[in-house]
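Trainee: I am new to this structure and would like a close look at a single part of it, the sheet, together with whatever surrounds that part. Could you take me through it slowly, in one connected answer?

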Amino acid sequence: MGDVLEKAMRQEGRFVDEIAQAVDIPLSRLRDALDYRSELTCAELGRLARVLQLNEVGLCALGENSYPLPICSGLPFVLHALRMRHGVGVVNAYVISAVGAERGILFDTGPNLAALLENWPPTIKGIDSVFLTHIEGEHTGGLCDVVDYFGIKSAFVPHGCHPPCGEAIGDAVEIKWANIKVQAFSTPGHASAHNCYRISVANPTGATALLIAGDLIFAGSVGGSYFSSQLHRKNLRRILNLCAADTILAPGHGPLTSVGNELRYNPFLP
Ligand SMILES: [Zn+2]
């Protein structure tokens, strides 16, 4: 809750005392909520949602510690989530492979090679490609080590960043790997160079797709808009509207969710 309110205030460029007055909540109660000790009621959160242009239902659910998460199943390939400790939270990398296959493709590399290998799925013996959502220590700390370790030429990185072992790909670039199609989307906002990747298969047609979202969006929140809140909001809508509602959403932090779930409840999608 504190995280969501802080990001929303920053996006709107508003100060806490000004907001407290506008929504008729004592400043100390609002400060407590920002310090992760929220006792705000749904009525108070509703007033905050209107002033900060947030999704009222989702904000109230977060306030009650009951943010809904969907059952994420039905992918026509295997998704291995590598959850690595990062500060007080968790940072995710993902491996995708065909059912029963020993090779896969990797999305983000975590804080370093050791952390990645500690969480490595035992059935996966090799990697054919690495894709990065954005360059940030917790997501791409060991990039060149990972590229070396798996014997890959270079990783695919978003347009606008130039790591020594990366090759930039931008909007609408498609990369085929066996039966799997990876589509890159340029989504600056959290960072100036940021990609999301939609993964789908040609067969069966209409099968559930996957969106590797990096720090564009999390279940019940978004990444900080460190580069541009305007671009962040715009790209968030654009990407979610491009995806079917049952698309499984794999974020850079926190649990899996779905596009439909976030369109319905995410505080930042009013
Ligand atoms: Zn991050």
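**The open sheet and its surroundings**

Mentor: In this predicted model, six strands make up an open sheet of mixed pairing, and their order across the sheet is β7-β8-β9-β10-β11-β12. The edges are held by β7 (174-177) and β12 (257-258), and because each of these has a single partner strand, one side of each is left without a neighbour in the sheet.

Let us walk through the pairings inside the sheet. Strand β8, which covers residues 180-186, runs antiparallel to β9 and is joined to it over seven bridges; one place to find this pairing in the view is Ser 186, whose bridge partner in β9 is Asn 195. On the next step across the sheet, β9 and β10 also pair in the antiparallel sense, here over three bridges, and Tyr 197 has Ile 212 of β10 as its bridge partner. The sense then changes to parallel for strand β10 (residues 210-214) and strand β11 (residues 248-251), which pair over four bridges, with Leu 210 bridged to Ile 248 of β11.

Strand β9 deserves a pause. Six of the seven residues in this strand (residues 195-201) are buried, so β9 is largely enclosed by the rest of the structure. For a strand of this kind it helps to recall that, when a strand is regular, its side chains alternate between the two faces of the sheet.

From the sheet we can move to the nonpolar core. The largest nonpolar core has 70 residues, and the members that touch the most other members are Phe 131, Leu 211, Ile 212 and Ala 250. Strand β2 (residues 89-97) provides the largest share of this core, with five residues. Both domain 1 (2-63) and domain 2 (78-265) give residues to the core, so the core lies between them. As background, nonpolar side chains in soluble globular proteins tend to be buried together. Ile 212 is a good residue to select: leaving aside residues up to four places away in sequence, Ile 212 touches Tyr 94, Phe 107, Thr 133, Cys 196, Tyr 197, Ile 199 and Ala 250. Tyr 197 thus appears twice in this account, as a contact of Ile 212 and as its bridge partner.

Now for the two domains themselves. The domain assignment divides the protein chain into domain 1 (2-63) and domain 2 (78-265), and their centres, taken over C-alpha atoms, are separated by 30 Å. Where they meet, nine residues of domain 1 are in contact with seven residues of domain 2. On the domain 1 side, α1 (2-12) and α5 (56-63) are the elements that give two or more residues to this contact, and by class that side has four nonpolar, three polar and two charged residues.

These two helices can be followed further. In α1 the buried residues are Val 4, Leu 5, Lys 7 and Ala 8, and because they fall within an arc of 165° when seen down the helix axis, they line one face of α1. The general reason for looking at spacing in a helix is that an α-helix has 3.6 residues a turn, so residues three or four places apart point the same way. The buried residues of α1 pack against α3 (27-34), α4 (42-52) and α5. In α5 the buried residues are Gly 58, Leu 59, Cys 60, Leu 62 and Gly 63, and they pack against α1, α4 and α10 (259-265). Just after each helix there is a positive phi, about 65° at Gly 13 after α1 and about 55° at Asn 65 after α5.

Finally, consider the loops between the helices of this region. Asp 35 is placed in the loop between α3 and α4, and with 11 other C-beta atoms within 10 Å it is exposed. Tyr 36 is in the loop between α3 and α4 as well, and it counts as exposed with 11 C-beta neighbours inside 10 Å. Phi of Tyr 36 is near 65°, a positive value in a residue other than glycine. In the loop between α4 and α5 lies Gln 53, which is not a glycine but has a positive phi of about 55°; with 13 other C-beta atoms within 10 Å, Gln 53 is partly exposed. For context, most residues other than glycine have a negative phi.

Methods: Residues numbered from 1 in each chain as written. Predicted model: local features only at pLDDT ≥ 70, side-chain atom pairs only at ≥ 80, totals over all residues. Pairing = 2+ DSSP bridges. Domains from an automatic or database assignment. Contact = placed C-beta atoms within 7 Å. Nonpolar A, V, L, I, M, F, W, Y, C, P; charged D, E, K, R; others polar. Buried ≥ 20, exposed ≤ 12 C-beta atoms within 10 Å, placed from the backbone. Arc of directions from axis to C-beta. Core = buried A, V, L, I, M, F, W, Y, C linked by C-beta atoms within 7 Å.
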